[in-house]
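The following note sets out points on the model for a colleague's consideration. It begins with a loop residue and its charged partner, and then turns to the overall fold, one helix and a second charged pair.

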Amino acid sequence: MLLAMLPDADVILLPLAGFGGLLGHRGLTHSLAFAAVCGTAIAGWLAVRDPRVRFVRTAALLSLAMASHGVLDAATNGGSGIAFLSPFSDQR
């Protein structure tokens, strides 16, 4: 649940970055690449702590949980869109 809410931590940078750009709201933290990196990193940390953790399955599950935030945000009509392909593209 916390991982699915993590992308909205970008509101901390809102006064500096605004709504557009890489670090803006619904930018990098809402991207699929960011979800994959965070999910994989947390799965790796969990696998080191507990050898029973299945790394690939856990990484996929955590990445999907985090990516679900951007998909659900895309279903709303607020904001300037979601930068799903950030940092490779700024298109929203």
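1. D50 is located in the loop that connects α3 and α4. The model under review is a predicted one. D50 has a relative accessibility of 24% and is classed as partly exposed, because that category lies between the limits of under 20% for buried and over 50% for exposed. Along the chain, D50 and L64 are 14 residues apart, and their C-alpha atoms are separated by 21 Å.

2. Which residue forms a salt bridge with D50? The partner is R52, and the closest N and O atoms of the pair are 3.1 Å apart. R52 counts as exposed, at 71% relative accessibility, while D50 is partly exposed at 24%. In general, side chains of opposite charge can pair when their charged atoms come close.

3. Regarding the chain as a whole, the model contains four helices and zero strands, and the order of elements from the N terminus is α-α-α-α. Taken along the principal axes, the C-alpha atoms fill a box of roughly 40 × 25 × 25 Å. The chain has 92 residues, of which 28% count as buried. Its accessible surface is about 5,900 Å², with 72% of that area belonging to carbon and sulfur atoms.

4. The contacts of the chain also deserve a remark. Of those between residues at least 6 apart in sequence, 53% join residues that are at least 24 apart.

5. Helix α3 covers residues 32-49. Does its length agree or disagree with the expected span? The two agree: at 1.5 Å a residue, the 18 residues of α3 should span 26 Å, and the end C-alpha atoms are 26 Å apart.

6. The buried residues of α3 are A35, C38, G39 and A43. Viewed down the helix axis, these residues fall within an arc of 130°, so they line one face of α3. As a general matter, an α-helix has 3.6 residues a turn, so residues three or four places apart point the same way. The cover over the buried residues of α3 includes α4, residues 55-74. On the other side of α3, V37, W45 and V48 are exposed.

7. The model has two salt bridges in total. Besides the pair formed by R52 and D50, there is one between D73 and R26, whose closest N and O atoms are 3.6 Å apart. This pair links distant parts of the chain, since D73 belongs to helix α4 and R26 to the loop between α2 and α3, with their positions 47 residues apart.

8. Are D73 and R26 buried or exposed? D73 counts as buried at 13% relative accessibility, and R26 is likewise buried, with a relative accessible area of 11%. Both values satisfy the criterion because buried means under 20%.

9. The surroundings of R26 complete the picture. R26 lies in the loop between α2 (14-17) and α3 (32-49). Its side chain makes a polar contact of 3.4 Å with the side chain of T76. With neighbours within four places in sequence left aside, the residues in contact with R26 are D10, D73, T76, G78, G79, G81, I82, A83 and R92. The list thus includes D73, the salt-bridge partner, and T76, the polar-contact partner.

Terms used. Residues numbered from 1 in each chain as written. Predicted model: local features only at pLDDT ≥ 70, side-chain atom pairs only at ≥ 80, totals over all residues. Heavy atoms only, no water. Helix = DSSP H or I, 4+ residues; strand = E, 2+ residues; numbered from the N terminus. Polar contact = N/O pair within 3.5 Å; in protein donor to acceptor, adjacent residues only side chain to side chain. Contact = heavy atoms within 4.5 Å. Expected span 1.5 Å × (residues − 1). Buried < 20%, exposed > 50% of the residue type's maximum accessible area, 1.4 Å probe, protein only. Arc of directions from axis to C-beta. Areas by Shrake-Rupley, 256 points an atom, 1.4 Å probe, with all protein chains shown as cover. Salt bridge = Lys/Arg side-chain N within 4 Å of Asp/Glu carboxyl O.
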